[in-house]
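Hi,

Here is the structure I promised to send over. Have a look at it first, and then read on for what turned up.

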Amino acid sequence: MFIFSLTYLKSISEVEKYLPQHIDYLERHYQSGHFIASGRKVPRTGGVILCRAESKEQALAIMQKDPFYIYQIAEYDIIEFVPTKYANGFEAFI
């Protein structure tokens with residue numbers, strides 16, 4: 001399991017230009033089962049994506065397809081972790 005922590009490098013107006021492409025990217029990876037949750041940081045300085053991947057290499061490959069990454073809208077910090085406890089019912093998503 002991986003946490004993608006995005007930090008915007010550009011203004012919010014620039015972020016907004018690429019948001020539709022980013023949302024399409026998110027949807028594709030929700031459909032494939034790679035993404036479990038995502039959302040904006042508060043304050044709006046970036047976002048967070050919870051990613052299920054077989055390896056760090058696969059997670060990096062997924063990350064590198066994000067328009068925010070491609071167009072250098074955000075920088076990414078990737079945190080790998082091994083889930084050991086789940087909320088009731090959450091393990092069905094893992």
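Keep in mind that this is a predicted model. I'll start with helix α2 and what packs over it. The buried residues of α2 are covered by, among others, β1, α1, β2, β3, α3 (67-70) and β4 (74-80). Which residues are those? In α2, which runs over residues 56-63, Ala59, Ile62 and Met63 are buried. They sit on the same side of the helix, because they cover an arc of only 100° around its axis.

Leu60 belongs to α2 as well. With a relative accessibility of 30%, Leu60 counts as partly exposed. From Leu60 to Ile79 it is 11 Å, C-alpha to C-alpha, with their positions 19 residues apart in sequence.

Just ahead of that helix, in the loop between β3 and α2, you'll find Ala53. Is Ala53 buried or exposed? Its relative accessible area is 15%, so Ala53 is buried. Leaving out residues up to four places away in sequence, Ala53 touches Phe2, Gln58 and Ala59. Ala59 is also one of the buried residues of α2. Leu19 is another matter: its C-alpha is 23 Å from that of Ala53, and the two are 34 residues apart along the chain.

Leu19 brings me to the largest pocket, which holds about 200 Å³ of space. It is lined by 15 residues, and those closest to its centre are Leu19, His22, Leu26, Gly39 and Arg40. Which elements supply the lining? At least two residues each come from β1 (2-8), α1 (12-32), β2 (35-40) and β3 (46-51). Sorted by class, the lining has eight nonpolar residues, five polar ones and two charged ones.

Next, have a look at Ser5, in strand β1. Ser5 counts as buried because its relative accessibility is 17%, and the cut-off for buried is under 20%. Its side chain makes a polar contact of 3.0 Å with the side chain of Lys41. Setting aside neighbours within four places in sequence, Ser5 is in contact with Lys41, Gly47, Glu75, Tyr76 and Asp77.

His34 is worth a click too. You'll find His34 in the loop between α1 and β2, where its side chain makes a polar contact of 2.8 Å with the side chain of Ser32. Beyond its neighbours within four places in sequence, His34 is in contact with His29, Leu50, Cys51, Arg52, Gln58 and Ile62. Ile62 is one of the buried residues of α2, and Gln58 is also touched by Ala53.

Last, two backbone points. Most residues other than glycine have a negative phi, and most peptide bonds are trans. Where does this model depart from that? The peptide bond from Val42 to Pro43 is cis, with omega near 0°, and Pro43 lies in the loop between β2 and β3. Then there is Gln72, whose phi is positive, near 55°, although the residue is not a glycine. Gln72 is in the loop between α3 and β4 and counts as exposed, at 54% relative accessibility.

That's the tour. Shout if you'd like to go through any of it together.

Cheers

Terms used: Residues are numbered from 1 along each chain as its sequence is written. This is a predicted model: local features need pLDDT of at least 70, side-chain atom pairs count only at pLDDT 80 or more; totals for chains, interfaces and linings use all residues. Side-chain values use heavy atoms; hydrogens and water are left out. On a 1 Å grid over the protein atoms alone, a cavity is a set of points where a 1.4 Å probe fits but cannot get out, and a pocket is an open set with protein on both sides within 12 Å along at least five of seven lines; lining residues have an atom within 4 Å of a point. Grid points are joined across faces, edges and corners, and a volume is the space filled by probe spheres set on the points. Helices (H or I, at least four residues) and strands (E, at least two) are DSSP runs, numbered from the N terminus. Ala, Val, Leu, Ile, Met, Phe, Trp, Tyr, Cys and Pro count as nonpolar, Asp, Glu, Lys and Arg as charged, and the others, Gly among them, as polar. Buried means under 20% relative accessible area, exposed over 50%, partly exposed in between (1.4 Å probe, protein chains only). The arc is that of the directions from the helix axis to the C-beta atoms. Contact means heavy atoms within 4.5 Å. A polar contact is a pair of N or O atoms within 3.5 Å; within protein, one must be able to donate a hydrogen and the other to accept it, and residues adjacent in sequence count only if both atoms are side-chain atoms.
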